[in-house]
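Here are some friendly notes for you to read alongside the model. They deal with charge pairs, surface patches and a few individual side chains.

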Amino acid sequence: MAKKVPSTKSEIMVALAEAAGITKKQAVTAYDALVAIAYAGAKTPKGIMLPGLGKMIKAKRKARMGRNPKTGEPMKIAAKTTAKFRLCKAAKDAVLK
């Protein structure tokens, strides 16, 4: 039987701690630091590259016309800034394999 893939933050922290040979508390600290670095890096103009995983960037969406799903009436959707994550080739190959 295959190992269960961690799906909650708690399970991920336990798996990370076991893989790195550290305590769960140290794993939580390291994970939280990585997330904070990724958030700060995504705000920069070039975004942040997480080797082996992908690139997180801040992108601008233009204003556009859409439709109200309830009435079908055309409506203007305002421009906004959003976050995007692009998987790197190694991650795509690992997932789609």
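**Notes on charges and surface patches**

1. Let me begin with the pair Glu11 and Lys4, whose side chains meet in a salt bridge with an N to O distance of 2.9 Å. Please keep in mind that this is a predicted model. Glu11 is partly exposed, at 30% relative accessibility, while Lys4 is exposed, with a relative accessible area of 62%.

2. How many salt bridges are there in the whole structure? A search finds three. As general background, side chains of opposite charge can pair when their charged atoms come close.

3. Another of these pairs joins the side chains of Lys9 and Asp32, at 3.3 Å from N to O. This salt bridge links distant parts of the chain, since Lys9 sits in helix 1 and Asp32 in helix 2, 23 residues apart. Lys9 is partly exposed, with a relative accessible area of 45%. Asp32 is partly exposed as well, with a value of 37%.

4. Asp93 and Lys89 also form a salt bridge, and their closest N and O atoms are 3.0 Å apart. How are these two residues placed in helix 3? They are four residues apart in that helix (residues 89-96), so about one helical turn separates them. Asp93 counts as partly exposed at 41% relative accessibility, whereas Lys89 is exposed, with a relative accessible area of 63%.

5. Now for the positive charges that gather on the surface. Lys46, Lys55, Arg61, Arg64, Lys80, Lys84 and Arg86 form a positive surface patch. Which element supplies the largest share of the positive patch? That is strand 5, with three residues. Strand 2 (54-61) and strand 5 (80-87) each contribute at least two residues to the patch.

6. Arg64 is a member of the positive patch that you will find in strand 3, which covers residues 64-67. Is Arg64 partly exposed or buried? Its relative accessible area is 41%, so Arg64 is partly exposed. Patch members need over 30% relative accessible area and no salt bridge, and the 41% of Arg64 fits the area cut-off.

7. There is a nonpolar patch on the surface too, made of Ile12, Leu16 and Tyr31. Together these residues have about 210 Å² of accessible area. Leu16 belongs to helix 1, residues 9-20. With a relative accessible area of 33%, Leu16 is partly exposed.

8. Lys24 deserves a point of its own. This residue lies in helix 2, which spans residues 24-42, and counts as partly exposed at 41% relative accessibility. Which residues are in contact with Lys24, leaving aside its neighbours within four places in sequence? They are Ser10, Met13, Val14 and Ala17.

9. One distance is worth adding to the picture of Lys24. Its C-alpha atom is separated by 9.8 Å from that of Ile12, and the two residues are twelve residues apart along the chain. Ile12 is one of the residues in the nonpolar patch.

10. If you would like a short route through the model, you could start at helix 1, where Lys9 pairs with Asp32 of helix 2. From there, move to Leu16 in helix 1 and on to Lys24 in helix 2. The positive patch, with its three residues from strand 5, makes a good next stop. You could finish in helix 3 with Asp93 and Lys89.

How values were computed
Residues numbered from 1 in each chain as written. Predicted model: local features only at pLDDT ≥ 70, side-chain atom pairs only at ≥ 80, totals over all residues. Heavy atoms only, no water. Patch = residues over 30% accessible without salt bridge, like charges linked within 9 Å, V, L, I, M, F, W, Y side chains within 5 Å. Areas by Shrake-Rupley, 256 points an atom, 1.4 Å probe, with all protein chains shown as cover. Salt bridge = Lys/Arg side-chain N within 4 Å of Asp/Glu carboxyl O. Lys, Arg positive; Asp, Glu negative; His and termini not counted. Charge placed at Lys NZ, Arg CZ, Asp CG, Glu CD. Buried < 20%, exposed > 50% of the residue type's maximum accessible area, 1.4 Å probe, protein only. Contact = heavy atoms within 4.5 Å.
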